[in-house]
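This briefing goes through pockets, cavities, salt bridges, nonpolar cores and a few single residues. The structure comes first.

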Amino acid sequence: MSRRPQRHGISVPLGNLALHEHREWYEEIERLGYTDLWSGEASAHDGFTPLALAAAWTPGLRLGTAIAPAFTRGPALLAQTAASMSEAAPGRFALGIGSSSPAIVESWNSIPFERPFARTRDVLRFLRRALAGEKVTEQYDTFAVDGFRLGVVPEQPPPILVAALRPRMLRLAGEEGDGVILNWLSADDVTNVAPLVGDKEIVARIFVIPSEDFATVRKVGRRHLAGYLTVPAYRQFQEWLGRGAALQPMWDAWAEGDRARALEVIPDEVIDELFVWGAPEKMRAHLDRYTANGVTTPAPSIIGAHDLRAAIRDLAPI
């Protein structure tokens with residue numbers, strides 16, 4: 001199966017840097033040979049502002065959201081935001097969307113988290129029409145739009161990628177999207193996921209802990225892993241990938257309210273699979289396994305770094 005040319009992304013914002021401090025870092029990232037910046041959106045920065053700054057500061061980088069939730073902005077506002085980014089960075093913006101999670105959508109934004117697959121599919125279909133400049137009047141399964149037309153239509157509509165964890169959403173990403181956005185999977189897991197996406201871009205946020213001390217990796221990794229993989233959608237993803245038995249003790253302890261025990265029972269082999277760590281050459285070799293198995297755009301997310309700038313340089317493609 002042919003794949004798109006290899007790209008080299010990195011996840012932003014970086015560490016605890018304030019946004020106004022990112023310019024020199026973005027400029028160095030571009031000099032180092034990275035091609036992409038991919039932002040996220042949870043409880044810190046929104047997904048677009050870090051990219052808007054990068055659009056002005058670094059004219060050579062592609063900028064992508066990984067992801068903008070399909071629930072938390074109205075369809076028209078999401079189209080407007082994507083069109084604005086496309087105008088700010090012509091041909092350099094990619095819109096990643098996904099269902100997000102009940103915590104972000106429902107607990108924090110007071111929006112019912114209902115029918116996440118259908119909502120993501122409907123937003124994708126609406127965005128295709130809106131970003132092409134069509135006037136949209138449509139009753140979708142999860143929302144309705146009456147007479148919306150973008151006032152500023154991008155000359156180059158952005159590719160739209162879909163965050164996916166299991167087969168139905170993975171097929172949506174491949175059949176109707178321009179690619180998929182993945183996280184919390186091992187390099188070997190990519191071989192199970194890639195065939196469902198087909199010949200489309202595969203972006204993977206890969207969690208990197210730049211330390212050669214596995215005790216440090218274990219401490220940092222357990223905290224991040226438990227925070228994510230106890231979310232139902234991620235739990236189901238790990239079960240589908242075959243890690244159910246290994247992670248069941250963590251899920252049991254978490255359900256009982258014993259957070260400390262939940263961290264303790266996470267197996268070392270799961271941490272070793274789901275985090276890139278070690279000396280620079282070991283980390284680069286691990287990232288290469290992801291691309292060898294089908295990831296076209298790795299986007300390392302560096303966590304727990306003692307020297308963030310050194311880690312960025314160590315992972316650079318050139």
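The second largest pocket holds about 210 Å³ of space. The model is a predicted one. The points below start with that pocket and move on by topic.

**Second largest pocket**

- The lining of the second largest pocket consists of 13 residues, and those nearest its centre are His 8, Leu 287, Asp 288, Leu 315 and Pro 317.
- By class, this lining of the second largest pocket splits into 7 nonpolar, 4 polar and 2 charged residues.
- At least two lining residues of the second largest pocket come from each of helix H13 (280–292) and strand E12 (297–302).
- The top contributor to the lining of the second largest pocket is H13, which supplies 4 residues.

**Arg 284 in helix H13**

- Arg 284 is located in helix H13.
- With a relative accessible area of 33%, Arg 284 is partly exposed.
- Beyond its neighbours within four places in sequence, Arg 284 has contacts with Asp 314, Leu 315, Ala 316 and Pro 317.
- Of these contacts of Arg 284, Leu 315 and Pro 317 are also among the residues nearest the centre of the second largest pocket.
- Arg 284 and Asp 268 are 16 residues apart along the chain, and their C-alpha atoms are separated by 20 Å.

**Largest cavity**

- The model has 1 cavity of 30 Å³ or more.
- The space in the largest cavity comes to about 40 Å³.
- Its lining is made up of Trp 25, Glu 28, Ile 29, Arg 309 and Ile 312.
- Helix H1 (23–31) and helix H14 (308–314) are the elements that give two or more residues to the lining of the largest cavity.
- H1 gives the most to the lining of the largest cavity, namely 3 residues.
- The lining of the largest cavity comprises 3 nonpolar and 2 charged residues, with no polar ones.

**Salt bridges**

- Side chains of opposite charge can pair when their charged atoms come close.
- The count of salt bridges in the model is 20.
- One of them joins the side chains of Arg 62 and Glu 201, with an N to O distance of 2.5 Å.
- This pair links distant parts of the chain, 139 residues apart: Arg 62 belongs to strand E3 (residues 62–65) and Glu 201 to strand E10 (residues 201–209).
- Arg 62 and Glu 201 are both buried.
- Another salt bridge is formed by the side chains of Arg 243 and Asp 189, at 2.6 Å from N to O.
- Arg 243 sits in the loop between helix H9 (232–241) and helix H10 (244–255), and Asp 189 in the loop between strand E9 (179–183) and helix H7 (190–197), so the salt bridge ties together parts 54 residues apart in sequence.
- Arg 243 is buried, because its relative accessible area is 7% and buried means under 20%.
- Asp 189 is likewise buried, at a relative accessible area of 6%.
- Glu 239 and Arg 235 also form a salt bridge, in which the closest N and O atoms are 3.2 Å apart.
- Both Glu 239 and Arg 235 are in helix H9, 4 residues apart, or about one turn of the helix.
- Glu 239 is partly exposed at 36% relative accessibility, and Arg 235 is partly exposed at 27%.
- Arg 7, Asp 36, Arg 62 and Glu 201 are joined into one network by salt bridges that share partners.

**Nonpolar cores**

- In soluble globular proteins, nonpolar side chains tend to be buried together.
- The largest nonpolar core contains 97 residues, and those with the most contacts inside it are Leu 37, Phe 126, Leu 127, Leu 225, Met 250 and Ile 312.
- Helix H5 (residues 116–131) gives the most to this core, with 7 residues.
- Apart from neighbours within four places in sequence, Leu 225 is in contact with Trp 184, Leu 247, Met 250, Ile 266, Val 270, Leu 274 and Phe 275.
- A second, separate core has 9 residues, including Ala 66, Ile 67, Leu 161 and Ile 181.
- Ile 312 appears both in the largest nonpolar core and in the lining of the largest cavity.

**Ser 101**

- Ser 101 is in the loop between strand E5 (93–98) and helix H4 (102–107).
- At 13% relative accessibility, Ser 101 is buried.
- Not counting residues up to four places away in sequence, Ser 101 touches Glu 106, Phe 113 and Val 231.

Notes:
Residues are numbered from 1 along each chain as its sequence is written. This is a predicted model: local features need pLDDT of at least 70, side-chain atom pairs count only at pLDDT 80 or more; totals for chains, interfaces and linings use all residues. Side-chain values use heavy atoms; hydrogens and water are left out. A salt bridge is a side-chain nitrogen of Lys or Arg within 4 Å of a carboxyl oxygen of Asp or Glu. Buried means under 20% relative accessible area, exposed over 50%, partly exposed in between (1.4 Å probe, protein chains only). On a 1 Å grid over the protein atoms alone, a cavity is a set of points where a 1.4 Å probe fits but cannot get out, and a pocket is an open set with protein on both sides within 12 Å along at least five of seven lines; lining residues have an atom within 4 Å of a point. Grid points are joined across faces, edges and corners, and a volume is the space filled by probe spheres set on the points. Ala, Val, Leu, Ile, Met, Phe, Trp, Tyr, Cys and Pro count as nonpolar, Asp, Glu, Lys and Arg as charged, and the others, Gly among them, as polar. Contact means heavy atoms within 4.5 Å. A nonpolar core is a set of buried Ala, Val, Leu, Ile, Met, Phe, Trp, Tyr and Cys residues joined through side-chain atoms within 4.5 Å.
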